[in-house]
Every structure is written in C-alpha cells, then in structure tokens.
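Biologist: I'm new to this one, and I'd like a close look at a single part of it. Could you pick one helix and walk me through its surroundings?

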Amino acid sequence: MTGVENMSIGTPMNNRQGNCILVGAGDLTISEIPINDGDLCIAVDGGYEYCCLLDIRPDYVLGDFDSLSSKQAEKLEERAQKDQTKVIRIPREKDDTDMLAAIKLGLQEGYRSFRLYGGSGGRLEHTLANIQCLLYLKEHDAVGYMMDGTGMILVAKEEEISFRENLEGYLSLFSLGERTTVSIENMKYLLDHAELTNSFPIGISNEFIGEMGCVRVHQGAVVIIISWVN
C-alpha cells in the first residue's frame, strides 16, 4: 500500500487491473518487492541483478546493457531464458532512456498503474530522468510511484491527491513548471491557492499530522516527495 490515493484517475475497462513493476539499477533500499497476480514485472537493464538477488522472475528484461561486457550480457540472456524471461535489447544510441522504454512497454501491455523500484540514487541525472518519466505517465493517462525504503516520489497534475491518516514523515512539493497553483489541507503548513515557482523551494518539508492530508493542484504540475519517519 502506498498510503496515497489519486482522486482523479479512473481505470478504463480495457486496461489491466494490476501494477506494472519496474526494477531499475539505482539504489534499492528494500529487501522485498511485492508482486501480485496480474502484475507485470520488467527488469530495467542492471535492475535484473536486483531481481536475481530478491528471487524475482521478471516477465521482461529490457535495456541496452551498456554497463555489461559481452560475456556478462550473454550470461544474462542465458539465465533469463532459464527463467522464461523475455529479453529485449534496445540500441545504446537512442532517444528513450531504458526506463522510459520499459514504461512504454508497460503501457502497450495495458497497464496504467506503475511502481518504480531502484529508480533513484546513483547518478543524479538518472533520478531526474525518472522523475520526468513519472510526468510522462501522467500525460498518458497513467500514474507512477517511485518507491524506496525511505520514501516515495510521485507527480500530480491538475488533480487532487489524498494521504491516509496514519502516514508519518515529511511531504515536499516542487513546481515542474515556471508557476503552479496549489492548496494543502490537513497538514502542518496549509496553503490556499498559493503559487509555487520553480526557483523558490518554499514547498519543502511539510509534515503529516495524523489527519487525512490533501494536496490540490489547481494549475500546473508538481513533484511530490514523501520521506518516511524511521
């Protein structure tokens, strides 16, 4: 459970009901990735190593495998074939990142709910690229959550997001455009049709207070970063 409810996303009847689980090669700070019947699991490039460590058999392994030698790549394909996992090699010189290519595959398979693991940490540019992927999902009638052991990242665009009463920790908002208009209810710091900009980090480190919090994005899009309390 994410503890987050998106109030504006409906699931069309022709879309799959499960989650598309994406396992990337960034920092993975959890020891278990929940996968249920009906979910689709895609190991994104080096994320396949995490799947092997966690005894997960992904449906696909997708990537350009630029971090592997030819011999390592061959071993990966041999191991994936034993696990009945489909391997999709994509060109190293391309427009899509490996994660975005995996997201497009999940969308083609009919999924509209995505969970990204191993999507942050490591090289900062990869984390930023994955946040942009969350916005890509939003613009394609889907929703994505970047998960790890310390928190969660999602994107909201002209919609309402609610948070359950039992959440503890911090919530930060960052405008994805030059200006965004938001309201915040039932949090430590409240806003009413306030303007956020992408040059002043006033939305950082709000706090859950044991009530059902709410963020309304009236205009524009924001990145929401939730940090759990240990």
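Modeller: One term before we start: a residue counts as buried when its relative accessible area is under 20%, and as exposed when that area is over 50%. Keep in mind that this is a predicted model.

Let's take helix α2, which runs over residues 70-82. It has 13 residues and reaches 19 Å from its first C-alpha to its last, close to the 18 Å expected at 1.5 Å a residue. Which of its residues are buried? They are Ala73, Leu76 and Ala80. Look at how they are spaced. An α-helix has 3.6 residues a turn, so residues three or four places apart point the same way. Seen down the axis of α2, the buried residues fall within an arc of 55°, so they line one face of the helix. Turn to the face that points away from this buried side, and you meet the exposed residues Lys71, Glu74, Lys75, Gln81 and Lys82.

What does the buried side lean on? The buried residues of α2 pack against α1 (47-53), β4 (60-63) and β5 (86-89). Just after the helix, Gln84 takes a positive phi of about 60°.

Now set that beside helix α3, residues 98-108, which is mostly covered: 9 of its 11 residues are buried. Among them are Met99, Leu100, Ile103 and Leu107, and Asp98 is on the list too. The cover over α3's buried residues includes β4 and β5, along with β2 (20-23), β3 (40-44), β6 (113-117) and α4 (124-138). So β4 and β5 turn up around α2 and around α3. After α3 comes Gly110, with a positive phi near 100°.

A bit further on, in the loop between α3 and β6, sits Arg112. Leaving aside neighbours within four places in sequence, Arg112 is in contact with Asn15, Leu107, His140, Asp141, Ala142 and Val143. Leu107 from α3 shows up here again: its backbone oxygen lies 3.4 Å from a polar atom of the Arg112 side chain.

To place all this in the wider model, start with the largest nonpolar core, which has 35 residues; Phe163, Leu171 and Ile226 are among those with the most contacts inside it. Apart from that core lies another, of 29 residues, and Leu107 is one of them, as are Val44, Leu116 and Ile153. In soluble globular proteins, nonpolar side chains tend to be buried together.

Definitions and conventions:
Residues numbered from 1 in each chain as written. Predicted model: local features only at pLDDT ≥ 70, side-chain atom pairs only at ≥ 80, totals over all residues. Heavy atoms only, no water. Core = buried A, V, L, I, M, F, W, Y, C linked by side-chain atoms within 4.5 Å. Buried < 20%, exposed > 50% of the residue type's maximum accessible area, 1.4 Å probe, protein only. Helix = DSSP H or I, 4+ residues; strand = E, 2+ residues; numbered from the N terminus. Expected span 1.5 Å × (residues − 1). Arc of directions from axis to C-beta. Contact = heavy atoms within 4.5 Å. Polar contact = N/O pair within 3.5 Å; in protein donor to acceptor, adjacent residues only side chain to side chain.
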